Amino acid sequence: ERHLHYIKCLANKLDSPSSYEGAVTEHLRMSGIYWTYTALSLLVSPSEADKILGVKSGPEEVTKQRPSIVDWVLLCYDKESGGFGGNIGHDGHLLYTLSALQILVIAEYDLNKLNVENIVDFVSSLQQDDGSFAGDEFGEIDTRFSYCSLSILSLLSSVSGGFECIDLGKAVEYIASCQNLDGGFGSMKGAESHAGQVFCCVGALSIAKSLDVIRHPDLLGWWLAERQVDSGGLNGRPEKQADVCYSWWILSVLSIIGRLDWISKDKLAGFIAKAQDPDDGGIADRPDDMPDIFHTFFGISGLSLLGKLPKSYRTIDPVYALPLDVVLRCGLS
């Protein structure tokens with residue numbers, strides 16, 4: 001109930017251009033809505049989520065103030081690049097294109113209505129000769145974008161040619177080359193292992209059905225398990241503080257590679273619970289800090305992977321970061 005209260009209040013703050021929340025999230029509004037909508041979708045029914053957030057139509061008083069979430073997402077499409085931007089009028093980027101599609105598939109939007117060919121061309125145009133992906137036309141390379149690309153093409157596979165537009169073999173080879181001697185993965189070849197990048201790499205390999213290229217999965221599992229600290233929380237790199245968001249980045253991978261029992265689930269669940277604000281219900285990065293929707297979403301998702309949410313709630317898929325029933329409805333496994 002407290003999670004729900006926080007998300008309801010946050011929706012109004014995000015709508016206000018004069019609010020702090022509205023100002024600081026202006027450039028990444030698409031991802032903020034994805035975190036909000038998906039977190040809520042794990043807690044309530046689709047019809048309840050639509051009613052609270054105005055996903056497809058919304059209450060009359062909400063509709064007067066702003067378009068539905070689905071209509072707003074469509075307004076963020078950048079015809080020039082072929083991708084979606086983080087807000088209306090922003091340039092297309094792989095990160096926000098994925099968030100847009102995740103929102104639309106949860107809302108059961110007909111993907112055939114999108115300019116699918118242009119979106120696919122946008123993704124394929126960003127693959128580099130070595131198999132890596134840039135995030136947009138400005139050329140930043142990061143394994144996050146490998147995950148985004150494969151996830152986008154997978155979500156569109158029912159209305160497009162799937163991975164035919166890219167060199168999937170090279171994409172897999174590049175991701176495999178980013179695994180380090182400690183078992184983890186970095187943002188690019190030779191970069192330091194980081195739990196967030198581990199999810200991006202392992203998630204992408206799972207989508208590509210290429211988990212077999214992971215060298216020494218036990219070593220990877222051990223590196224991830226070592227991220228649990230005395231508080232019960234997980235950190236992203238050695239010698240760093242625990243952060244609730246790694247409840248998702250790490251648990252998802254441990255789930256994908258079948259080593260979820262390598263950490264103390266009860267201690268981690270306790271850490272997440274302590275990070276929840278007793279007044280508004282949101283979850284912070286760690287106990288006694290200010291809550292935000294990013295950590296609220298990943299905290300709830302972590303509890304879902306731990307099996308600590310009530311059985312009446314929906315569960316999250318560890319690969320696509322979407323409710324499991326949505327992934328199955330899309331014909332993905």
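Contact means that heavy atoms lie within 4.5 Å. Helices are DSSP runs of H or I with at least four residues, strands are runs of E with at least two, and both are numbered from the N terminus. This is a predicted model, in which local features need pLDDT of at least 70, side-chain atom pairs count only at pLDDT 80 or more, and totals for chains, interfaces and linings use all residues. Residues are numbered from 1 along each chain as its sequence is written, and side-chain values use heavy atoms, with hydrogens and water left out.

**Exercise 1. Find out how helix H13 is covered, and which helices its buried residues pack against.**

Solution.
- Step 1: Locate H13 at residues 246-256.
- Step 2: Apply the cut-offs for cover: buried is under 20% relative accessible area, exposed is over 50%, and partly exposed is in between (1.4 Å probe, protein chains only). Ten of the eleven residues of H13 turn out to be buried; among them are Tyr 246, Trp 248, Trp 249 and Ile 256.
- Step 3: Look for the neighbours. The buried residues pack against H11 (195-207), H12 (217-225), H14 (265-274) and H15 (293-306).
- Step 4: Take one residue as an example. Ser 252 lies in H13 and is buried, with a relative accessible area of 0%. Leaving aside residues up to four places away in sequence, Ser 252 touches Phe 199, Leu 305 and Pro 318.
- Step 5: Move past the helix end. H13 is followed by Gly 258, which has a positive phi near 75°.

**Exercise 2. Describe the aromatic pairs that Trp 249 forms with Phe 199 and with Phe 298.**

Solution.
- Step 1: Recall how such a pair is described: by the distance of the centres and the angle of the planes. Rings of Phe, Tyr and Trp (its six-membered ring) pair if their centres lie within 6.5 Å; planes under 30 degrees apart count as stacked, over 60 as edge-to-face and the rest as tilted.
- Step 2: Note that the structure holds nine aromatic pairs. For Phe 199 and Trp 249, the centres are 5.5 Å apart and the planes are at 55°, so this pair is tilted.
- Step 3: Place these two rings. Phe 199 belongs to H11 and Trp 249 to H13, so their pair ties together parts that are 50 residues apart in sequence. Both Phe 199 and Trp 249 are buried.
- Step 4: Turn to Trp 249 and Phe 298, a tilted pair with 4.8 Å from centre to centre and 40° between the planes. Since Phe 298 lies in H15 and Trp 249 in H13, this pair ties together parts that are 49 residues apart in sequence.
- Step 5: Check the cover. Trp 249 has a relative accessible area of 16% and is buried; Phe 298 is buried too, at 4%.
- Step 6: Widen the view. Ring pairs link a cluster that includes Phe 199, Trp 249 and Phe 298, along with Tyr 34 and Tyr 147.

**Exercise 3. Where do His 216 and Asp 288 lie, and are they buried or exposed?**

Solution.
- Step 1: Start with His 216, in the loop between H11 and H12. His 216 is exposed, with a relative accessible area of 57%. Its phi is positive, about 55°, although His 216 is not a glycine.
- Step 2: Continue with Asp 288, in the loop between H14 and H15. Asp 288 is exposed at 81% relative accessible area. Asp 288 has a positive phi of about 75°, although it is not a glycine.
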